[in-house]
Amino acid sequence: MRILIVEDEASLREQLGSHLKGEGYAVDLAADGEEGLYFGREYEYDAAVIDLGLPKVDGLSLIKTLRGEDRSFPVLVLTARGHWQDKVQGLEAGADDYLAKPFQMEELMARLNALIRRTAGYASPVLSQGDLQLDTAKKEVRVSEQAIELTAYEYKVLEYLMLNPNRVVSKSELTDHLYEQDFDRDSNVIEVFVGRLRKKISPVDLIRTVRGQGYRFLADNPV
Ligand code: CA
């Protein structure tokens with residue numbers, strides 16, 4: 001999952017960035033609204049965390065502009081404590097959820113995960129397809145109730161495919177959403193991860209190769 005963070009307070013920005021990276025997310029950090037707009041227009045994100053009080057372009061204008069340009073990724077806004085008007089304005093501008101400062105990192109993570117999951121059409125934190133279950137909170141995978149050991153990269157590939165069911169996901173989309181910008185972008189690496197992943201979750205056979213295009217995760221309930 002690739003997350004955009006737009007926060008002008010340097011220490012909070014860095015703290016958010018390192019925490020999310022530690023949880024396995026690819027993260028882009030923007031220090032003001034202008035930078036946020038650049039990133040939001042340039043890259044595809046799975047979610048964004050946007051502070052409302054930002055220099056150059058304020059958070060509300062940033063969200064309105066991105067929404068006006070059909071950028072539909074879920075947005076969590078950070079608001080000042082006790083400013084209920086901020087929350088209402090943020091939601092009206094197109095944000096999906098809000099969190100008042102100061103906040104616990106755990107709450108931010110839980111809200112962010114819920115936003116990403118709900119955007120993909122899953123109500124529960126445990127994504128379920130046939131005999132395959134992926135617990136987004138515990139980062140655990142089970143096949144027919146048996147726990148499966150996956151590496152961090154294999155887990156990320158499976159989670160991304162399950163959150164984007166029934167459509168072709170290209171190898172370059174996977175690298176864009178799962179890895180830091182400086183990651184080795186050789187598409188053979190993705191093939192190796194997917195190959196190992198398929199073996200580990202067999203006999204579940206829900207990841208199809210679409211020749212020359214990428215992969216499709218087959219799901220019962222199209223979303
Ligand atoms: Ca601020």
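Q: Two strands count as paired if DSSP finds at least two bridges between them. With that in mind, in which sense do strand S1 and S3 pair, and over how many bridges?
A: A good place to start, and please keep in mind that this is a predicted model. Strand S1 (residues 2–6) pairs with S3 in the parallel sense, over four bridges. To find the register, look at Leu4, which stands opposite Ala48 in S3.

Q: Which strand do four bridges join to S3, and how does the chain cross from S3 to S4?
A: Strand S4 (residues 75–79) is joined to S3 by four bridges, and the two run parallel. Here the register can be read from Ile50, which stands opposite Val77 in S4. Between the two strands the chain passes through helix H3 (residues 59–68), giving a β-α-β crossover that is right-handed.

Q: How should I read the two faces of S3, and which residues lie on each side?
A: The general idea is that side chains in a regular strand alternate between the two faces of the sheet. In this model, Ala47, Val49 and Asp51 lie on one side of S3, with Ala48 and Ile50 on the other, and all of them are buried. Strand S3 (residues 47–51) is therefore mostly covered, with five of its five residues buried, where buried means under 20% relative accessible area.

Q: At what angle do helix H6 and helix H8 pack, and how far apart are their axes?
A: Two packed helices are described by the angle between their axes and the distance between the axes. For H6 (residues 152–163) and H8 (residues 187–201), the angle is about 85° and the axes are 10 Å apart. H6 is therefore roughly perpendicular to H8, since angles of 65 to 115 degrees count that way. From H6, the contact is made by Tyr153, Glu154, Val157 and Leu158, and from H8 by Phe193, Val194, Arg196, Leu197, Lys200 and Ile201. Sorted by class, the contact has seven nonpolar, no polar and three charged residues.

Q: Where is a cis peptide bond found before Pro102, and where before Pro203?
A: As a rule, most peptide bonds are trans, and most residues other than glycine have a negative phi. One cis bond joins Lys101 and Pro102, with omega of about -5°. Pro102 lies in the loop between strand S5 (97–100) and helix H5 (105–119). The bond from Ser202 to Pro203 is also cis, with omega near 10°, and Pro203 is found in the loop between H8 and strand S11 (207–210).

Q: What is the phi of Lys139, and what is that of Ser144?
A: Lys139 has a positive phi near 55°. Its place is the loop between strand S7 (132–135) and strand S8 (140–143). Because its relative accessibility is 30%, Lys139 counts as partly exposed. Ser144 also has a positive phi, near 50°, and lies in the loop between S8 and strand S9 (146–148). At 45% relative accessibility, Ser144 counts as partly exposed.

Q: What do S11 and S12 form, and how many residues lie between them?
A: They form a hairpin with three residues between them, and Gly212 in the turn has a positive phi of about 75°. Strand S12 (residues 214–217) pairs with S11 in the antiparallel sense over four bridges. To follow the pairing across the hairpin, find Thr209, whose bridge partner in S12 is Tyr215.

Terms used
Residues are numbered from 1 along each chain as its sequence is written. This is a predicted model: local features need pLDDT of at least 70, side-chain atom pairs count only at pLDDT 80 or more; totals for chains, interfaces and linings use all residues. Side-chain values use heavy atoms; hydrogens and water are left out. Axes are lines fitted to C-alpha atoms, for helices over the stretch in contact, and angles run from 0 to 180 degrees between N-to-C directions. Angles under 35 degrees count as roughly parallel, over 145 as roughly antiparallel, 65 to 115 as roughly perpendicular and the rest as oblique. Contact means heavy atoms within 4.5 Å. Ala, Val, Leu, Ile, Met, Phe, Trp, Tyr, Cys and Pro count as nonpolar, Asp, Glu, Lys and Arg as charged, and the others, Gly among them, as polar. Buried means under 20% relative accessible area, exposed over 50%, partly exposed in between (1.4 Å probe, protein chains only). A crossover is right-handed if, with the strands pointing away from the viewer, the path from the first strand over the helix to the second runs clockwise.
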